[in-house]
Amino acid sequence: QVQLVESGGGLVQAGGSLRLSCAASGSIFSINAMGWYRQAPGKQRELVATITSGGSTNYADSVKGRFTISRDNAKNTVYLQMNSLKPEDTAVYYCNAFIPNGIYEYDYWGQGTQVTVSS
């Protein structure tokens, strides 16, 4: 059984920073792509950033230049450094990971961590 556990959310003033972490545990040999998504009240879940096992990254236009995604493959952990936070970044942030098992690849999600940015 694989679990993703996020941490690092909280309340911060506009212009501040937060660092989210997501650790994967369980029966894991390797992890393919990992990513962060967010969902604000009344809105659909949206992509924030993704990172491949080789380190290639992709960002939503709204966070480019402010957020940085990284990963530590030895720790099965993905991070999201969020700088220059804005009130519109307020959302529940979810970690996502694609984990192979034999010839299949399974999609796992964390439980979410709340990020609130006050103006």
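Along S11, which side chains point to one face and are buried, and which point to the other and are not? The legends below describe close-up views of a predicted model, and the view of S11 comes first.

**View 1. Side chains alternate along strand S11.** Strand S11 covers residues 113-118. Thr113, Val115 and Val117 point to one face of S11 and are buried. Gln114, Thr116 and Ser118 point to the other face and are not buried. In a regular strand, side chains alternate between the two faces of the sheet.

**View 2. Strand S11 pairs with S2 and with S9.** Strand S2, residues 10-13, runs parallel to S11, and 4 bridges link the two. Within this pairing, Leu11 stands opposite Thr116 of S11. The pairing of S9 with S11 is antiparallel and has 3 bridges. Here Tyr93 has Thr113 in S11 as its bridge partner. Thr113 is also one of the buried residues of S11.

**View 3. Strands S9 and S10 form a hairpin.** Strand S9 spans residues 91-101 and strand S10 spans residues 104-109. The two run antiparallel and are joined by 6 bridges. One bridge pairs Ile99 with Tyr106 in S10. Between the strands lie 2 residues. In this turn, Gly102 has a positive phi of about 70°.

**View 4. The largest nonpolar core has 30 residues.** Trp36, Leu80, Met82 and Tyr93 touch the most other members of this core. The strands that each supply at least two of its residues are S3 (18-25), S4 (34-39), S5 (46-51), S7 (67-72), S8 (77-82), S9 and S11 (113-118). S9 gives the most, with 5 residues. In soluble globular proteins, nonpolar side chains tend to be buried together.

**View 5. Leu80 and the residues it touches.** Leu80 is among the core residues that touch the most other members. Residues up to four places away in sequence are not counted in this view. Leu80 touches Leu18, Arg19 and Leu20, and also Trp36. Further contacts of Leu80 are Val48, Ala49, Phe67, Thr68, Ile69 and Tyr93. Trp36 and Tyr93 are, like Leu80, among the core residues with the most contacts to other members.

**View 6. Glu6 is a buried residue of strand S1.** Strand S1 covers residues 3-7. Glu6 counts as buried because its relative accessibility is 6%, and buried means under 20%. Glu6 touches Ser21, Cys22, Trp36, Tyr93, Tyr94, Cys95, Gly110, Gln111, Gly112 and Thr113, with residues up to four places away in sequence left out. Glu6 and Gly112 are 106 residues apart in sequence, yet their C-alpha atoms are 6.4 Å apart in space.

**View 7. Thr90 lies in the loop between S8 and S9.** Thr90 is partly exposed, at 22% relative accessibility. Leaving aside neighbours within four places in sequence, Thr90 is in contact with Ala40, Gln114, Val115, Thr116 and Val117. Thr90 and Pro100 are 10 residues apart in sequence, and 32 Å separates them in space, C-alpha to C-alpha.

**View 8. Asn76 and Ser84 have positive phi values.** Each is a residue other than glycine, with phi near 50° for Asn76 and near 50° for Ser84. Asn76 is in the loop between S7 and S8, while Ser84 is in the loop between S8 and S9. Asn76 is partly exposed, with a relative accessible area of 21%. Ser84 is also partly exposed, at 40% relative accessibility.

**View 9. Ser25 belongs to strand S3.** Ser25 counts as partly exposed, at 36% relative accessibility. Leaving aside neighbours within four places in sequence, Ser25 is in contact with Gln1, Val2 and Gln3. Ser25 and Tyr93 are 68 residues apart in sequence and 19 Å apart in space, C-alpha to C-alpha.

**View 10. The largest pocket is lined by 13 residues.** Its space is about 190 Å³. Among the lining residues, Arg38, Ala40, Lys43, Glu46 and Glu88 lie nearest the centre of the pocket. By class, the lining has 7 charged, 4 polar and 2 nonpolar residues. Ala40, which helps to line this pocket, is also in contact with Thr90.

Technical notes: Residues are numbered from 1 along each chain as its sequence is written. This is a predicted model: local features need pLDDT of at least 70, side-chain atom pairs count only at pLDDT 80 or more; totals for chains, interfaces and linings use all residues. Side-chain values use heavy atoms; hydrogens and water are left out. On a 1 Å grid over the protein atoms alone, a cavity is a set of points where a 1.4 Å probe fits but cannot get out, and a pocket is an open set with protein on both sides within 12 Å along at least five of seven lines; lining residues have an atom within 4 Å of a point. Grid points are joined across faces, edges and corners, and a volume is the space filled by probe spheres set on the points. Ala, Val, Leu, Ile, Met, Phe, Trp, Tyr, Cys and Pro count as nonpolar, Asp, Glu, Lys and Arg as charged, and the others, Gly among them, as polar. Two strands pair if DSSP finds at least two bridges between them. A nonpolar core is a set of buried Ala, Val, Leu, Ile, Met, Phe, Trp, Tyr and Cys residues joined through side-chain atoms within 4.5 Å. Buried means under 20% relative accessible area, exposed over 50%, partly exposed in between (1.4 Å probe, protein chains only). Contact means heavy atoms within 4.5 Å.
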